[in-house]
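Reader: I would like a close look at one part of this model, starting from a single residue and following its surroundings outward. Please give the cut-off behind each term as you go.

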Amino acid sequence: MNYGEIKKTDIANGEGVRVSLFVSGCTHCCKGCFNSETWDFSYGKPFTEDTEKEIICALNNDFVNGLTLLGGEPFEPSNQQVLTPFLKKIKEQFPSKNIWCYTGYLFDKELLNDSRARCDKTDEMLSYIDVLVDGEFVESLKNVSLAYKGSENQRIIDVKKSLETGQIEEWHIVSDRIKMK
């Protein structure tokens with residue numbers, strides 16, 4: 001897997017201060033994508049053990065709330081193969097930090113059911129993710145006033161609660177804080 005960028009103090013892609021990893025490779029190719037250079041699976045640099053150490057070091061700061069995965073597409077099957085064991089390490093080393101993930105795939109229709117995204121790592125990868133922003137970016141539904149998402153069709157999902165209840169449990173912004181519906 002390759003990655004395009006690591007942001008060590010990102011405040012735009014999830015709640016609080018985050019370390020964000022922009023992976024390479026995306027087959028959605030959404031019109032108006034803000035990061036279209038990452039569609040190419042060979043874009044950027046190889047994700048190595050040194051890359052993992054760099055991210056872990058950045059997460060070790062008390063002011064960092066957690067890790068965010070973006071892209072590209074973290075749930076492309078080839079990316080899941082690399083990200084899943086890495087996320088396991090993150091959860092083991094930083095159990096109090098949360099993991100957010102942005103995906104163009106729909107949680108209930110494509111990640112939990114047969115689809116081009118689903119592979120032998122999908123369920124395990126989902127088990128490490130706390131918040132999932134799902135759905136392709138739709139340029140005609142773009143709304144810059146939305147917190148943590150780019151278009152009105154996207155959902156902010158509490159993954160753990162959704163897996164427990166068997167229903168989509170969305171997060172909503174109330175007074176600059178994310179609250180459960």
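Author: Two residues are said to be in contact, or to touch, when they have heavy atoms within 4.5 Å of each other. This is a predicted model, in which local features need pLDDT of at least 70 and side-chain atom pairs count only at pLDDT 80 or more, while totals for chains, interfaces and linings use all residues. Residues are numbered from 1 along each chain as its sequence is written, and side-chain values use heavy atoms, with hydrogens and water left out.

The starting point is Y43, which sits in the loop between β2 and β3 (strands, E, of at least two residues, and helices, H or I, of at least four, are DSSP runs numbered from the N terminus). Once residues up to four places away in sequence are set aside, Y43 touches N2, Y3, G4, S24, E37 and T38. Y43 counts as partly exposed because its relative accessible area is 31%, where buried means under 20%, exposed over 50% and partly exposed in between, for a 1.4 Å probe and protein chains only.

From Y43 the path leads to G72, which is 29 residues away along the chain, with the two C-alpha atoms separated by 9.6 Å. G72 belongs to the loop between β4 and α2, and the peptide bond that reaches G72 from G71 is cis, with an omega near 15 degrees. As a rule, most peptide bonds are trans, and most residues other than glycine have a negative phi. Y148 departs from the second part of that rule, since Y148 is not a glycine and yet has a positive phi of about 65 degrees. The place of Y148 is the loop between β6 and β7, and Y148 counts as buried because its relative accessibility is 19%.

The loop between β2 and β3, where the walk began, also supplies K31, whose side chain meets that of E139 in a salt bridge with an N to O distance of 4.0 Å; the term stands for a side-chain nitrogen of Lys or Arg within 4 Å of a carboxyl oxygen of Asp or Glu. The partners in this pair come from distant parts of the chain, 108 residues apart, because E139 lies in the loop between β6 (131–134) and β7 (155–158), while K31 lies in the loop between β2 and β3 (45–46). K31 counts as exposed at 64% relative accessibility, whereas E139, with a relative accessible area of 40%, is partly exposed.

A search of the whole structure finds 9 salt bridges. One of them joins the side chains of E54 and K8 at 3.0 Å, N to O, and again connects distant parts of the chain, since E54 in helix α1 and K8 in strand β1 are 46 residues apart. E54 is partly exposed at 31% relative accessibility, and K8 is partly exposed at 39%. Another salt bridge pairs E49 with K53, with the closest N and O atoms 3.6 Å apart, and here the two residues are in helix α1, 4 residues apart, or about one turn of the helix. E49 is exposed, with a relative accessibility of 56%. K91, D130 and K160, in turn, are linked in a network of salt bridges.

Moving inward, the largest nonpolar core has 32 residues, of which L21, I55, L67, F75 and I129 touch the most other members; such a core is a set of buried Ala, Val, Leu, Ile, Met, Phe, Trp, Tyr and Cys residues joined through side-chain atoms within 4.5 Å. Among the elements that give two or more residues to this core are β1 (2–10), β2 (17–23), α1 (49–59), β4 (64–70) and α2 (77–93). A second, separate core of 9 residues includes L70, V131, Y148 and I156, so the positive-phi residue described above returns here, counted as buried. In the largest core, L67 touches I55 and, among others beyond four places in sequence, V19, L59, F86, I90 and W100.

Helix α2 also holds Q80, which is buried at 0% relative accessibility and touches P74, F75, P85, A117, C119, K121, T122 and M125 when neighbours within four places are left aside. P85 is likewise in helix α2, but is partly exposed at 40%.
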